[in-house]
Amino acid sequence: IKNKMATDNNVINFYSNREVPYGCFSNFSAHNIYLEGKSWPTTEHYFQAKKYEGQAYAEEIRKASGPSKAASLGRSRKYPLRPDWEQIKDQVMFDCCLVKFTQHSDIQQILLDTQNSILVEHTHNDSYWGDGGDGTGKNMLGKTLMLVREHIKQQQQQP
């Protein structure tokens with residue numbers, strides 16, 4: 001049975017990459033991206049590696065066996081974060097999500113089918129990228145995906 005399309009003011013919660021159909025919204029979803037001349041297994045790999053751009057450690061993250069490993073390596077403070085990370089992390093997330101939903105037409109359609117729904121990464125594990133589990137978090141991943149959705153819509157409307 002095909003999922004009914006989202007309507008205005010719907011809230012769509014997502015978190016796990018195993019959720020159907022919205023697991024593709026997770027940075028752990030198995031959708032590789034090609035960016036900056038390299039293939040990245042997931043957007044999580046890319047995002048975590050960008051914290052260490054210019055260091056050999058970034059390549060170790062890119063080659064991590066899975067997104068959980070990439071996340072854990074990226075959260076380590078064994079190596080210094082790039083000094084501008086806090087200023088650029090939202091743009092990095094937008095860039096890799098835009099590439100992901102541009103390079104994979106199947107999940108692009110899932111994103112576009114959400115229409116004007118509010119997308120929320122619903123988790124108590126993260127109050128910056130997610131909603132903190134109780135709605136008090138910033139939900140920056142959800143907001144990023146809504147920006148990506150609008151960007152793709154605008155690109156499709158251009159002649």
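**Figure 1. Cysteines without a disulfide.** This predicted model holds zero disulfides. A disulfide is a covalent bond between the sulfur atoms of two cysteines. Take Cys24: the closest cysteine sulfur belongs to Cys97, and at 11 Å that is too far for a bond. Cys24 itself is tucked away, being buried with a relative accessible area of 5%.

**Figure 2. A look at Cys96 and Cys97.** How far from Cys96 is the nearest cysteine sulfur? That sulfur sits in Cys97, 4.7 Å away, and Cys96 is in no disulfide. A disulfide needs the two sulfurs within 2.5 Å, so the 4.7 Å between Cys96 and Cys97 doesn't qualify. Is Cys96 buried or exposed? Cys96 is buried, with a relative accessible area of 0%.

**Figure 3. Glu59 and Lys38, a helix paired with a strand.** Now for the charged side chains: the structure holds 10 salt bridges, and one of them links Glu59 with Lys38. Side chains of opposite charge can pair when their charged atoms come close. Here the closest N and O atoms of Glu59 and Lys38 are 3.1 Å apart. Glu59 belongs to helix 2, which covers residues 56–62, while Lys38 is part of strand 3, residues 38–40, so this pair ties together parts that are 21 residues apart in sequence. Both ends get some exposure: Glu59 is partly exposed at 23% relative accessible area, and Lys38 is partly exposed at 35%.

**Figure 4. Glu59 again, this time with Lys63.** Which residue meets the side chain of Lys63 in a salt bridge? It's Glu59, with an N to O distance of 3.8 Å. So Glu59 has a salt bridge to Lys63 as well as one to Lys38, because each N and O pair falls within 4 Å. Lys63 is exposed, with a relative accessible area of 60%.

**Figure 5. Arg82 and Asp84, part of a network.** Arg82 and Asp84 form a salt bridge, and their closest N and O atoms are 2.7 Å apart. What about their surroundings? Arg82 counts as buried, at 17% relative accessibility, whereas Asp84 is partly exposed, with a relative accessible area of 28%. This pair isn't on its own, either: salt bridges with shared partners join Arg82 and Asp84 with Glu36, Lys50 and Glu53 into one network.

Conventions: Residues numbered from 1 in each chain as written. Predicted model: local features only at pLDDT ≥ 70, side-chain atom pairs only at ≥ 80, totals over all residues. Heavy atoms only, no water. Buried < 20%, exposed > 50% of the residue type's maximum accessible area, 1.4 Å probe, protein only. Helix = DSSP H or I, 4+ residues; strand = E, 2+ residues; numbered from the N terminus.
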